[in-house]
Amino acid sequence: MLIEIFLRLPGKSLVRCKCVSKKWNYLITSPEFTSLRVPHFNPAIGLLLHCSSFLINPFHEFVSFSPENPIQSPFHKLTFVDDPFGIRILQSCNGLLLCCSFRVHGQHNQNYYVYNPTTQQFTTLPRPEGQRNTSRAVIGMKLAFDPWKSQNYKVVCIRLSDEVFPDYQHYQIEIYSSDTKKWRVLGPPFLARYDIGFTHTGVYWNGAIYWIYGDNPLRFNVEQEKLEKFPMPCIGRSWDDDQEMKSDGTEWYLKYQVNVEDVINTFAHMIRHYLEPTDWNYFAMVVLCVVRGEKEEDTFMILHIPKMIIRYNLRDYTFYKLCESGNTSIEETRFDDEDEDYEPPITLAFDKFSAFQYIETLFCL
Amino acid sequence: MVKLKSNDDKEFEVEEAAVIQSEMIKNMIEDGCATSVIPLPNIDSKTLIKVIEYLNKHINMGKAAETGEEDDLKEFDEQFVNMGWEELFDVIMAANYLNIHELMELCCQSAADRLKNKSVRAVREMLKITNDLTEEEEQEIINDAPWAFEGPEIDDTVN
């Protein structure tokens, strides 16, 4: 019976409960309980939004996905290590965050970290060395962590090699594995277009890292260590569609259709009246992330419109405001002799590159 | 109607539609073993009354969704788990024995919600548990995960 209750406790409270008595400690640390506790599905419970300005080191706003049962912000500023340049998040992957030094002059001073915000443990990654003649600057770093597949994580580093071709460039892959704690150069350099988007895009899903940018999307299968092309979705007629890839990674299908009209009717301040209605940017709105629910019908999107974060349920098209946000980080320019009709531009504080899902995990670094 | 008998020999009549929310009794009825009184040696009458109250209220779950009584049911559930720890544990044991999934879920979640964010001291006091860990053992657990023992949300009150 106690086990049934322990299974429903959040991680931090559970760890604390080990201290209650011998019996409790025994129950919670037993392998039987641990195997029950690793949830077969571990949903994101909040979103970390990166904020920064020219003057201060980055901080994060936290948005809890459930207003009825809000969760404490895991952190405001990343201070787990004293990095003089500040730390920013690059990627969130099944509960672990890949972070790096924020403002660095020169690649060589940049540190990369893997951080578990639940347990507040971190690892500083060694610097990838590369091969003297072939690789140079670090172009992209991606974390691949899947607790259902392996108790180790890998980090994939893309470096730029020296040879330059028109439109194309030579890249080199290196892999760090948490069990060996070492970097390893993988195969010969490969050619890819310069606009492949290794730096900012890249999603880890189902054992592979996907870069969807430009016309030549690539994926890197982390287990087989193979780089391959994959088909792009034919992006539909409007931004009302949301497509998903089949789990074998071969085909796209239309998964959700979204109707944003109701959102626009409710929050009229997202309309940029000063633009033509046909303008792609006429509505000030971005999708920050899509969050998978355990059941299909629990899946929802997080939208950002001016000054607000909205939760939009994909199954029944209902939506509500999660919080007001993005007020502080907008630096509004004010002129004293402002014309009375002057309408300040409607701006958004975040985009999908500044949103990171928060997932609780007790994984030890 | 199905007759249930508690361990202090009190009999209760429950509608079949209500009682089959218990997987255990449903199986008994299907197997034809519920012709007379069903004895429940693990459940006292006080707990059984609570369980039957729950079963009767939840009998029309499907209908409730149609007629907009869902909020009603939610309110009932909230009121229902508003009981002392001892009573709550008794109901959880009964729900487990009778295999009533929804009731089990409701009560365990309520227990977890009460323990959530509580300090170690508060948990011990609430559940009247004596600490039998030595100081070293306790310190070792804390040293393994110091992050779990600090934070503004930790609540030392007992209620």
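1. A residue counts as buried when its relative accessible area is under 20%. By that cut-off, 39% of the 159 residues of chain B are buried. The structure discussed here is a predicted model, and it scores ipTM 0.88 and pTM 0.72.

2. Confidence in chain B. The average pLDDT of chain B is 87, and 93% of the residues score at least 70. Within chain B, the lowest confidence falls in helix α4 (residues 61–67), with a mean of 62. The highest falls in helix α6 (residues 85–98) of chain B, at 94.

3. Confidence in chain A. Here the average pLDDT is 78, and 79% of the residues of chain A score at least 70. Among its elements, strand β5 (residues 112–116) of chain A has the highest mean pLDDT, 91, and strand β15 (residues 241–245) of chain A the lowest, 59. Two stretches of chain A deserve a remark. Over residues 236–240 of chain A the pLDDT stays under 50, and the model gives this stretch nine contacts beyond four places in sequence. Residues 328–338 of chain A are also below 50, with six contacts in the model beyond near neighbours in sequence.

4. Make-up of chain B. Chain B contains nine helices and three strands. Read from the N terminus, the order of elements is β-β-α-α-β-α-α-α-α-α-α-α. Of the contacts in chain B between residues at least 6 apart in sequence, 64% link residues at least 24 apart.

5. Dimensions of chain B. The C-alpha trace of chain B spans about 60 × 40 × 25 Å along its principal axes. Its radius of gyration is 20 Å, whereas a compact globule of 159 residues would have one near 15 Å.

6. Surface and charge of chain B. About 9,200 Å² of chain B is exposed, and carbon and sulfur atoms supply 46% of that area. Chain B carries 15 positive and 37 negative charges, and the mean positions of the two sets are 6 Å apart.

7. Helix α8 of chain B. How much of helix α8 (residues 120–127) of chain B is covered? Six of its eight residues are buried, so by the cut-off each of those six has under 20% relative accessible area. The buried residues are Val120(B), Ala122(B), Val123(B), Arg124(B), Met126(B) and Leu127(B). Their cover comes from both chains: it includes α2 (11–17) and α3 (22–29) of chain A, along with α6, α7 (101–115) and α9 (135–144) of chain B. Just after α8(B), Lys128(B) takes a positive phi of about 50°.

8. Asn25(A). This residue lies in helix α3 of chain A, one of the elements that cover the buried residues of α8(B). Is Asn25(A) buried or exposed? Asn25(A) counts as buried because its relative accessible area is 18%, and the cut-off is under 20%. Apart from neighbours within four places in sequence, Asn25(A) contacts Lys18(A), Leu133(B) and Ile141(B).

9. Ala137(A). Strand β7 (residues 135–144) of chain A holds Ala137(A). Its relative accessible area is 23%, so Ala137(A) counts as partly exposed; that class runs between the 20% and 50% cut-offs. Ala137(A) and Ser161(A) are 24 residues apart in sequence, and their C-alpha atoms are 7.6 Å apart in space.

Terms used
Residues are numbered from 1 along each chain as its sequence is written. Chains are lettered from A and ligands numbered from 1 in the order in which they are written. This is a predicted model: local features need pLDDT of at least 70, side-chain atom pairs count only at pLDDT 80 or more; totals for chains, interfaces and linings use all residues. Side-chain values use heavy atoms; hydrogens and water are left out. Helices (H or I, at least four residues) and strands (E, at least two) are DSSP runs, numbered from the N terminus. The radius of gyration is taken over C-alpha atoms; the globule rule is 2.2 Å times the number of residues to the power 0.38. Buried means under 20% relative accessible area, exposed over 50%, partly exposed in between (1.4 Å probe, protein chains only). Contact means heavy atoms within 4.5 Å. Accessible areas come from the Shrake-Rupley method with a 1.4 Å probe; for residues, only the protein chains shown count as cover. Lys and Arg count as positive and Asp and Glu as negative; His and the chain ends are not counted. The place of a charge is taken as NZ of Lys, CZ of Arg, CG of Asp or CD of Glu. pLDDT is the predictor's confidence in each residue, from 0 to 100.
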